[in-house]
Amino acid sequence: MTQLTSQPAPSTVAPSTGLLTEMLSAGPDHGTPWLGEIRQSGIRHFQRMGLPTTSQEDWRLTNVAELAKIRFSPAASGKAAAIGADITRPWSLRSTGANEFVFINGLFSPEHSTFSASAAGVAPLAQAAANPLWRESVFAHLALPQTNGFTALNTAGFADGAFISVPADLIAEAPIHLLFISTEAPHATLAQPRVCIHVGARSQITVVHTYVSTGGQPHLTNAVVELAAESGAKVEIVKLQREAQTAWHIGQDFIKLASQATLQALSLNIGGAVVRNNVQVRLDGPYAEATLNGITLITGRQHVDNQTLLDHAFENCPSHELYKHLLGGQASGVFRGKILVRPGAQKTDSKQTSKTVLLSDDATMDSQPQLEIYADDVKCTHGSTTGPLDDEQLFYLRSRGVDAATARSLLTYAFAGDVLGRTWHGPLKGYLEELVVAELHRLHLDRTTS
Amino acid sequence: MPMLEIKDLHASVGGREILKGISLAVNAGEVHAIMGPNGSGKSTLASVLAGRETYAVTGGQVLLNGVDILDMSPEERACEGLFMAFQYPVEIPGVSTAYFLKAAVNAIRKHRGEEELDAMDFLKLIKTKMKLLEMDQSFLNRSVNEGFSGGEKKRNEIFQMAVLDPKLGILDETDSGLDIDALKIVSKGVNSLRGPDRAMLVVTHYQRLLEYIVPDFVHVLRDGKIIKSGDKKLALELEAKGYGWLDTAA
Ligand SMILES: Nc1ncnc2c1ncn2[C@@H]1O[C@H](COP(=O)(O)OP(=O)(O)O)[C@@H](O)[C@H]1O
Ligand SMILES: [Mg+2]
């Protein structure tokens, strides 16, 4: 599988691992020696590659060198029970009927979780290690430790996470919500969740993974998600990145779709100081279909870098991509959308759109498509727009009596809401719409004058 | 006191003067047509009256019921009872027509010191006006003007005018893009809104619309100035002789 690969740094330069080396003790092997081996290979790859640097093309606009200078401690372990029961409330998705699995500082917290017995098929990774399916179908199959320094680091050190295993022919009505909370600490903290999802043939599931923080200390979330959908499966996966403005967030989602599997992915980025998301989808059988959507709402000095890869490996696969960015303050956004059409992937039909509204003069956006096409009978289109809110639309609304502030908020919401409208799961869609209205308001993005 | 009084209005865009001293008085109950060739400044006049900031007003006054509106924002003017039907209504994806109109109706009602309409009363109001313009229900849930045909957009403008109930309606080329059936429906809508308390300024460069919306007065705009005024016969004369006739007459 072609990755959004970081080329190893030139050999003359020592890899930048910095204080993160101190974090390089392998996580638990849960009694399975092969896991210990994979963790060791994670350590070796991290020592060899270090953190990505801005001399690497795909990390040019996101500088993570600072991470090597922060002394991270592993997020507090084993203390989840001491944390108040209501800590999950601001982020809970129980109103949508979701089964909610809560992870506090990287560790599963049954006390804070709410799920029905029928939500079988979700297990904390500590238990998943015993399930051969975990290893055989997903884990370290899609996210290889050698992909980049962050996958290496996660493989070496992830403490916990979830394995979601949906058997064939099962339609799961209730979404599964994985809520990762980093709590306040007097020192910088690191959490490295690992999520593995296997969806059996013809099954349907909606999974939401949320990342939040309650403290104001610098912290790093280095998350890896691996998702394999068997043939004919329908999977909706929604990422809600709502971390504190002091957070570094690196999230990498590796997805593989077998023939006729359908994916609907949404990545909503609101929080974080420096955020990097890699989403890569391999269309790994004919008639697989992928939709990648994204919404970024940021302000202040936030930086969000979204990189996606649609890897068309088989014929007759459609893919659709729509990323929207609303940037205020001095925020900076990056979008790199790569469409790879491998030899033989004829009749690929891929459409990519990136749209940005700049709500202040100091916000910046860098949006670039990247097409690599090795088949001749394909249709690939891409388009990108960046600009302020539309003057004519504003004038139209105001000329009907709607005041300027309301007109702006209507237009900013409409811009983002358009993406949410595509969500499959009804109650989840309602939740997301309310969330976006509230966040636009909280971030003052509905009021910024342009 | 006239409902609308424009006194020696000058406006420019990018340093270029487009309106070069326009004076006009419109009384309540009257319909005035503004005719003129393409590029004469008709849409500029309509936009300046509605408060579009693209145009710089460099001189003159505009009084609505005796109050100068030139310092008012577009939304204040709307609340004061001014409505402009756009020549080219913009599409606003993601904003539903119903939601937007309810916000507009209630902003204006609030300004007038009236109680805001609840969902039920709003729907009732909307439905009567939709009937008037023979519009389909489904249109309420669609985004404002998105994917509308030229004719649907124009009809939507007049529908909004009917809902917002302004004192002064300014119609910019409402007939363009309408086939004859749609023109009849739209004109019927406009005519039903005529009344002793309302005035209208109908901008067009064809006489056709004025067969259906018969004006009390006709003014000819050319190069940013009103060069001739008369009654409805002036429109027919223009139709027969063309705008060139005025050059030789002048
Ligand atoms: N926003 C603008 N920027 C530059 N020129 C404009 C603008 N709006 C109108 N004009 C110019 O002003 C003149 C009058 O235009 P307009 O008012 O649209 O005329 P009409 O509606 O009578 O056809 C034209 O020469 C047009 O090019
Ligand atoms: Mg015009």
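In the predicted model, Glu157(B) is buried, because its relative accessibility of 1% falls below the 20% limit for that class. The residue belongs to helix 5 of chain B, which covers residues 150-164. When residues up to four places away in sequence are set aside, Glu157(B) is in contact with residues of both chains. On the chain A side these are Tyr396(A) and Arg400(A). Within chain B, the contacts comprise Phe83(B), Met84(B), Ala85(B), Phe86(B), Pro89(B) and Asn145(B). Val186(B) is 29 residues away from Glu157(B) along the chain, and the C-alpha atoms of the two are separated by 9.5 Å.

A second buried position is found in chain A. Ala288(A) has a relative accessible area of 0% and therefore counts as buried. Ala288(A) is placed in a loop, between strand 14 (274-283) and strand 15 (289-298) of chain A. Leaving out residues up to four places away in sequence, Ala288(A) touches Leu257(A), Ala258(A), Gln260(A), Ala261(A) and Leu283(A), along with Asn316(A), Cys317(A) and Pro318(A). One of these contacts, Cys317(A), lies 29 residues from Ala288(A) along the chain, with a C-alpha separation of 5.2 Å.

Chain B as a whole contains nine helices and 12 strands. Its radius of gyration is 18 Å, in agreement with the value near 18 Å that a compact globule of 250 residues would have. Along the principal axes, the C-alpha atoms of chain B occupy a box of roughly 60 × 40 × 35 Å. Buried residues make up 52% of the 250 residues in the chain. Among contacts in chain B with a separation of 6 or more, 68% link residues 24 or more positions apart.

The exposed area of chain B is about 10,900 Å², of which 49% is supplied by carbon and sulfur atoms. Chain B carries 30 positive and 35 negative charges, and the mean positions of the two sets are 3 Å apart.

An open sheet of four strands is present in chain B, with the strand order 2-1-4-5 and antiparallel pairing. Strand 2 (16-26) and strand 5 (67-68) form the edges, each pairing on one side only. Strand 4, residues 56-64, is joined to strand 5 by two bridges, and these two strands run antiparallel. Leu64(B) has Val67(B) in strand 5 as its bridge partner.

Technical notes:
Residues are numbered from 1 along each chain as its sequence is written. Chains are lettered from A and ligands numbered from 1 in the order in which they are written. This is a predicted model: local features need pLDDT of at least 70, side-chain atom pairs count only at pLDDT 80 or more; totals for chains, interfaces and linings use all residues. Side-chain values use heavy atoms; hydrogens and water are left out. The radius of gyration is taken over C-alpha atoms; the globule rule is 2.2 Å times the number of residues to the power 0.38. Buried means under 20% relative accessible area, exposed over 50%, partly exposed in between (1.4 Å probe, protein chains only). Contact means heavy atoms within 4.5 Å. Accessible areas come from the Shrake-Rupley method with a 1.4 Å probe; for residues, only the protein chains shown count as cover. Lys and Arg count as positive and Asp and Glu as negative; His and the chain ends are not counted. The place of a charge is taken as NZ of Lys, CZ of Arg, CG of Asp or CD of Glu. Two strands pair if DSSP finds at least two bridges between them.
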